[in-house]
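Me: I would like to learn how to read a structure that is new to me, taking one feature at a time. Could you give me the general idea each time and then turn to the case at hand?

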Amino acid sequence: MSTKVITGKVRASFVHVFEPAAINGGEPKYSCSLIIPKSDTVTIGKIREAIEQAKQEGVPKWGGKIPPNLKLPLRDGDVDRPDDPAYENSYFINATSQEQPGVVDRKKVKITDPLAIYSGCYIRASINIYPFNANGNRGIAAGLSNIQFWEDGEPLNGRVRAEDEFDALDDDDTDDFLD
């Protein structure tokens with residue numbers, strides 16, 4: 001029981017789509033946080049609709065009613081990450097998977113370079129919204145299915161790209177820089 005949502009243009013953050021990573025000592029999973037501009041009312045509407053559907057599908061898992069403390073996947077960046085400018089005026093959703101997501105470029109050609117999808121680039125994502133009841137935690141989660149690269153963006157790790165940091169050297173440049 002899940003509802004598939006294909007997002008519009010979103011920004012990728014905390015990207016682990018080529019190698020699974022353990023979060024807070026948990027089981028290693030593939031994951032990506034999707035930063036969705038609040039102006040993208042179409043994507044936000046699709047996610048909210050999928051969450052409502054997942055709530056109804058979860059009622060049998062939750063003892064016949066929707067719990068009052070239900071964990072929801074769509075979060076407000078202005079509320080939950082007020083000190084991070086990347087999340088300003090945006091919502092975000094963390095999507096995970098046991099299986100590696102498919103990753104393609106704009107022309108749907110498979111991407112295998114782990115540096116091609118990074119925190120800060122823009123992507124479209126296919127996610128599945130579903131209810132869960134595990135270890136006393138009840139809620140709605142987002143499963144990560146596939147990713148399509150949209151365009152480059154400023155990396156969110158604060159690291160400067162080498163091509164932006166250095167000037168080109170001429171053939172007659174010497175090792176004057178080392179003095």
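Reply: We will go through the pocket, the aromatic rings and the charged side chains of this model, which is a predicted one.

Me: Let us start with empty space: what volume does the largest pocket have, and which residues lie nearest its centre?

Reply: Rolling a probe the size of a water molecule over the atoms shows where empty space is left. Here the largest pocket has a volume of about 980 Å³, and of the 30 residues that line this pocket, I23, K29, N94, T96 and A141 lie nearest its centre.

Me: Which strands supply at least two residues each to the lining of the largest pocket, and how is that lining divided by class?

Reply: The strands are β2 (10-21), β3 (29-37), β5 (90-97), β7 (122-134) and β8 (137-151), with β8 giving the largest share, five residues. By class, 13 residues of the lining are nonpolar, twelve are polar and five are charged.

Me: How many aromatic pairs are there, and how should I read such a pair?

Reply: A pair of aromatic rings is described by the distance of the centres and the angle of the planes. The count here comes to one aromatic pair. The ring centres of Y87 and F92 are 5.0 Å apart and their planes stand at 80°, so this pair is edge-to-face. Y87 counts as buried because its relative accessibility is 1%, and F92 is likewise buried, at 0%.

Me: Where does the charged end of R81 sit, and over the face of which residue does K9 lie?

Reply: The charged end of R81 sits over the ring of Y87, 4.7 Å from the ring centre, while K9 lies over the face of Y122, at 4.9 Å from the centre of that ring.

Me: How many salt bridges does a search of the whole structure find, and which parts does the pair of E151 and K9 tie together?

Reply: The search finds five salt bridges. In one of them the side chains of E151 and K9 meet at 2.6 Å, N to O. Because E151 lies in strand β8 and K9 in the loop between β1 (3-6) and β2, this pair ties together parts that are 142 residues apart in sequence.

Me: By how much are K55 and E52 separated in helix α1, and is each of them buried or partly exposed?

Reply: K55 and E52, whose side chains meet in a salt bridge at 3.1 Å, N to O, are three residues apart in helix α1 (residues 41-58), so about one helical turn separates them. K55 is buried, with a relative accessible area of 16%, whereas E52 is partly exposed, at 42%.

Notes: Residues numbered from 1 in each chain as written. Predicted model: local features only at pLDDT ≥ 70, side-chain atom pairs only at ≥ 80, totals over all residues. Heavy atoms only, no water. 1 Å grid on protein atoms, 1.4 Å probe; cavity = no way out; pocket = protein on both sides within 12 Å on 5 of 7 lines; lining within 4 Å. Points joined across faces, edges and corners; volume = space filled by probe spheres on them. Helix = DSSP H or I, 4+ residues; strand = E, 2+ residues; numbered from the N terminus. Nonpolar A, V, L, I, M, F, W, Y, C, P; charged D, E, K, R; others polar. Phe/Tyr/Trp six-rings, centres within 6.5 Å; stacked < 30°, edge-to-face > 60°. Buried < 20%, exposed > 50% of the residue type's maximum accessible area, 1.4 Å probe, protein only. Lys NZ or Arg CZ within 6 Å of the ring centre and 35° of its normal. Salt bridge = Lys/Arg side-chain N within 4 Å of Asp/Glu carboxyl O.
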